[in-house]
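User: I am beginning to study protein structure and would appreciate a guided discussion of the model shown below. Please explain the reasoning behind each answer.

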Amino acid sequence: LCKDSDYHLYMILLASISILLHKYSLSKDIIIGSPGFRSNSNSKKLHNLLFLRNSINPESSIKDVLLNVQQTVIEANENQHYPFHSLLEKIGKTLGNDKKRLLYETVILLENIQDIDLIENLEWNFLFVFNKNSDKIDFTLYYNSNLFESITAERISNHLVTIFEKITSFIDIKLNKLTILSEAEFKEILHYSNGITEDYSSELY
């Protein structure tokens with residue numbers, strides 16, 4: 001899927017995290033922050049963060065999400081020199097004041113094409129850092145320890161790995177049929193729900 005391109009890899013990673021956030025929140029409007037891409041030019045960057053906004057339909061397939069994310073990244077890259085404060089104001093107006101904080105909650109970074117120092121002063125709840133090294137991808141999840149415990153971060157990491165596996169094997173599956181829970185987690189949910197299954201797992205997980 002990556003076609004030996006760091007940018008294609010980045011799009012797959014972004015799509016995976018977008019799907020993950022959709023699964024957790026059931027929101028169709030997913031916004032993820034990301035540093036601007038490195039450039040060979042000496043032009044000065046006017047801002048240090050891209051807002052990658054994707055609309056996700058539960059009826060969409062993983063392939064649909066990948067194509068949507070690809071277009072989002074292309075447009076974001078073309079406009080990454082747009083003045084930061086103007087961009088924030090523009091996006092903020094469409095979100096409303098109560099949702100502006102969501103712009104910074106989740107950040108993704110692929111170190112092969114982005115610089116982590118561009119977001120060093122940014123406050124986030126989750127920072128997904130990837131690095132492609134030869135034939136493997138290293139992954140670290142940083143999280144706001146004031147809000148989340150290590151076991152939560154571990155589960156998020158495991159769920160993301162599951163989505164990676166689904167992308168490589170079941171690219172045409174619809175999101176509302178995509179399961180990210182392990183068998184043990186599913187049994188735990190059934191236990192605490194006192195046997196009430198309904199359609200809880202099919203839509204959420």
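User: Which residue does Arg155 meet in a salt bridge?

Analyst: This is a predicted model, and every value discussed here is computed from it. Side chains of opposite charge can pair when their charged atoms come close. The N to O distance for this pair is 3.8 Å, and the cut-off for a salt bridge is 4 Å. The partner of Arg155 is therefore Glu185.

User: How many residues apart in sequence are the parts that Arg155 and Glu185 tie together?

Analyst: Arg155 belongs to helix H4, while Glu185 belongs to helix H5. The pair therefore ties together parts of the chain whose separation in sequence is 30 residues.

User: Is Glu185 buried or exposed?

Analyst: Its partner Arg155 has a relative accessible area of 36% and is partly exposed. For Glu185 the relative accessibility is 13%, and a residue under 20% counts as buried. Glu185 is therefore buried.

User: Which residue forms a salt bridge with Arg53?

Analyst: The closest N and O atoms of this pair are 2.8 Å apart. Arg53 lies in strand E2 and its partner in strand E1, 24 residues apart. Arg53 is partly exposed at 34% relative accessible area, and the partner is partly exposed at 33%. That partner is Asp29.

User: Which residue meets Glu59 in a salt bridge?

Analyst: Glu59 lies in the loop between E2 and helix H2 (62-78), and its partner lies in the loop between H4 and H5, so the pair ties together parts that are 115 residues apart in sequence. The N to O distance is 3.5 Å. Glu59 is partly exposed at 47% relative accessibility, and the partner is partly exposed at 39%. The partner is Lys174.

User: Which residue has a side chain joined to that of Glu59 by a polar contact of 3.0 Å?

Analyst: The residue is placed in the loop between helix H4 (150-169) and helix H5 (183-192). With a relative accessible area of 13%, this residue is buried. The side chain that makes the contact with Glu59 belongs to Asn176.

User: What kind of aromatic pair do Tyr7 and Phe37 form?

Analyst: The count of aromatic pairs comes to six. In this one, the ring centres of Tyr7 and Phe37 are 5.5 Å apart and the planes stand at 65°. Planes over 60 degrees apart give one particular class, so the pair is edge-to-face.

User: Where does Phe37 lie?

Analyst: Tyr7 lies in helix H1 (residues 6-25), and the pair ties together parts that are 30 residues apart in sequence. Tyr7 is partly exposed at 36% relative accessible area, whereas Phe37 is buried at 2%. Phe37 is found in the loop between strand E1 (29-34) and strand E2 (50-55).

User: How many residues of strand E3 are buried?

Analyst: Strand E3 covers residues 106-110 and is mostly covered. Thr106, Ile108 and Leu110 point one way from E3, Val107 and Leu109 point the other way, and all are buried. The number of buried residues in E3 is five of five.

User: Which residue in E4 stands opposite Leu110?

Analyst: E3 and E4 run parallel and are joined by five bridges. The residue in question also belongs to an aromatic cluster that includes Phe128, Phe139 and Phe164. Opposite Leu110 stands Phe130.

Technical notes
Residues are numbered from 1 along each chain as its sequence is written. This is a predicted model: local features need pLDDT of at least 70, side-chain atom pairs count only at pLDDT 80 or more; totals for chains, interfaces and linings use all residues. Side-chain values use heavy atoms; hydrogens and water are left out. Rings of Phe, Tyr and Trp (its six-membered ring) pair if their centres lie within 6.5 Å; planes under 30 degrees apart count as stacked, over 60 as edge-to-face and the rest as tilted. Helices (H or I, at least four residues) and strands (E, at least two) are DSSP runs, numbered from the N terminus. Buried means under 20% relative accessible area, exposed over 50%, partly exposed in between (1.4 Å probe, protein chains only). A polar contact is a pair of N or O atoms within 3.5 Å; within protein, one must be able to donate a hydrogen and the other to accept it, and residues adjacent in sequence count only if both atoms are side-chain atoms. Two strands pair if DSSP finds at least two bridges between them. A salt bridge is a side-chain nitrogen of Lys or Arg within 4 Å of a carboxyl oxygen of Asp or Glu.
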